[in-house]
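Q: I should like to learn how to read the features of a structural model. May we work through one together?

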Amino acid sequence: PPPPRLNCRRQRQMCIRDRANIAGPGIAYLMGSDVNREPAEVSFNDMGLVFAQTPNMSESPAIQTINLTGGMNAVFKQNGWYQTVADSAKLEFGLKNTLTQAKLLGEVEFKSLEKEKPQRAISDSATFEFGPENELNTAYMEGDVVFESEEDGKQSRALADEATFYFDESKIRSADLNGDVSVSSDTAKMTSLDATIEFSPDDSGSMQPAKVHTKGEAVLETVPETKDAPPARFEARRIDYDLQTGAGLAHGPIHFRFYQPADDDSKNNEPWIPVTVTADKNAVFVADENKAVNQVIFNGNVLASRMQEMSNFEQLDDLHGEKLTVNLAKGLTGSTEISRITMSEGDVYAQSKRLQGQKTISIVKLDCSEVIFNEVEKQVLAKGPGEIQMDNSQVTASRAASAGPGVDTSRPCYILVDDFDLIQWDLDKQKIVADGQKDQLKLAYIPLINNAPEKFVYVNSMRFDL
């Protein structure tokens, strides 16, 4: 390739043996070996050249380095058009005047020239490595790195202490981000110490951020859909997140917190009730066509808990199993809320505990094969075989003993229902309907007076209302 061709507005230059200083403003055209390809254009104010050897007027000079000061602006015209701006730059050349490296300092900006789908990266400094035909191979950027990408009016943004962008045929393929990494889109924000962004072509062939993989502990927060709604928050060992679809995979151990609107009977000062979910294995995010997560599946020793402050007591609800599927939908407030929960596989149980200060006044525990919780109707559906245990021994004593064989759950008592096929449990009313086969469903009921059993009731039936 020939040496760079220079155009200068002010024809002032000074050459001393193997060096030359050129006063701009001017433009340097960097040619590759293919003369049919457009050259890279580098605009500058002042240029200093270092030749590989003292120039010989009878042959083209071999350039070793070009130092640009007072600002530079370069446009690389290959498969992808890129523009680079910096306060100063040092361009290094190899054999046959091929550009091998560019070191940039001071307010570095590196961006694509696609107006409809702009991308740009900014940093304090950068080092670019080039291959044949001035094709960009890698771009290492350091110091308050910001990468921004926009498509269809929606922007994604990544922050890091340093980043390395990798290219193939001058098209961006991936980026390694290191140090206080933050990746955000219009629906979520993810933070980690390190992360990798994968790029893929869209329908038009434009390279866009596609997937993010964290390399260490990560936090993913959703963007609230209403001003007063708190964000849902994932904490995981690492997270794989699809920026184009909103789907993802969090690798355990998992700690997830989201919020539900407070019940009308709640005395919380805050309008939202936190719900915590932990899982050992992973959590899968499923998103709709708008990239909003509408289902989360937790796997491995899953425990979901929530605490509510009601008018006369606090209620702690727990749900445990090996697999928890949470379906989400738009609520009355316009925010995404839980519509349905299904717990299955392994040691499945649901437990509701009521507290007054440090005193436990009642505990209901349900062991079964599957639990389905309908948030809208506040109903729990449990599939057997299984049993339900109720300890109401500390509730306020009734004025009189029970009459007849009826079961009164409002008074101090113990209850056991065993071998049921199906349980329907109304959490608000604390009413339970148990169904079973003939002579299979067993009930043990022990009402208490002054903490002592009043009587013992044992019944076999196909159905119990508690």
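Q: Are aspartate 317 and arginine 306 buried or exposed?
A: Burial is judged by relative accessible area: under 20% is buried, over 50% is exposed, and partly exposed lies in between, with a 1.4 Å probe and protein chains only. Here aspartate 317 is buried, and arginine 306 is buried as well. Please note that this is a predicted model, in which local features need pLDDT of at least 70 and side-chain atom pairs count only at pLDDT 80 or more, while totals for chains, interfaces and linings use all residues. Residues are numbered from 1 along each chain as its sequence is written, and side-chain values use heavy atoms, with hydrogens and water left out.

Q: In what interaction do the side chains of aspartate 317 and arginine 306 meet?
A: A salt bridge requires a side-chain nitrogen of Lys or Arg within 4 Å of a carboxyl oxygen of Asp or Glu. Aspartate 317 and arginine 306 form such a pair, at 3.1 Å from N to O. Since aspartate 317 belongs to strand S23 and arginine 306 to strand S22, the pair ties together parts that are 11 residues apart in sequence. Strands here are DSSP runs of E with at least two residues, helices are runs of H or I with at least four, and both are numbered from the N terminus.

Q: How many helices and strands does the chain have?
A: The chain has 0 helices and 32 strands. Of its 466 residues, 47% count as buried.

Q: How many cavities does a search of the whole structure find?
A: A cavity is a set of points, on a 1 Å grid over the protein atoms alone, where a 1.4 Å probe fits but cannot get out; its lining residues have an atom within 4 Å of a point. Grid points are joined across faces, edges and corners, and the volume is the space filled by probe spheres set on the points. The search finds 6 cavities of 30 Å³ or more.

Q: Which residues lie nearest the centre of the largest cavity?
A: Its lining has 19 residues, and those nearest the centre are Arg306, Asp317, Asp318, Leu319 and Phe373. Both partners of the salt bridge just discussed, aspartate 317 and arginine 306, are thus named in this group. The volume is about 260 Å³. Strands S22 (293-309), S23 (314-330), S24 (336-356) and S25 (359-374) each supply at least two lining residues, and S24 gives the largest share, 5 residues.

Q: How do the residues of that lining divide by class?
A: Ala, Val, Leu, Ile, Met, Phe, Trp, Tyr, Cys and Pro count as nonpolar, Asp, Glu, Lys and Arg as charged, and the others, Gly among them, as polar. The lining of the largest cavity divides into 11 nonpolar, 4 polar and 4 charged residues.

Q: Which residues line the second largest cavity?
A: Its lining includes Tyr82, Phe110, Lys111, Gln119, Arg120 and Phe167. Two or more lining residues come from each of strand S8 (99-112), strand S9 (119-130) and strand S11 (154-168). This cavity holds about 80 Å³ of space, and its lining has 7 nonpolar, 2 polar and 2 charged residues.

Q: With which residue does arginine 120 meet in a salt bridge?
A: The partner of arginine 120 is glutamate 109, at 3.2 Å from N to O. The pair links strand S9, which holds arginine 120, with strand S8, which holds glutamate 109, 11 residues apart. Arginine 120 is partly exposed at 32% relative accessible area, whereas glutamate 109 is buried at 18%. A network of salt bridges links Glu109, Arg120, Glu148 and Arg157. The count of salt bridges comes to 13.

Q: Which residues does glutamine 155 contact, leaving aside neighbours within four places in sequence?
A: Contact means heavy atoms within 4.5 Å. Glutamine 155, in strand S11, is in contact with Glu148, Ser149, Glu150, Ser184, Ser185 and Asp186 on that basis. The C-alpha atoms of glutamine 155 and serine 185 are 6.2 Å apart, with their positions 30 residues apart along the chain.

Q: Where does the chain have a cis peptide bond?
A: One such bond joins glycine 252 and proline 253, with omega about 10 degrees. Proline 253 lies in the loop between strand S18 (248-251) and strand S19 (254-261). The bond from glycine 384 to proline 385 is also cis, with omega near 5 degrees, and proline 385 lies in strand S26 (residues 379-391).

Definitions and conventions: 1 Å grid on protein atoms, 1.4 Å probe; cavity = no way out; pocket = protein on both sides within 12 Å on 5 of 7 lines; lining within 4 Å.
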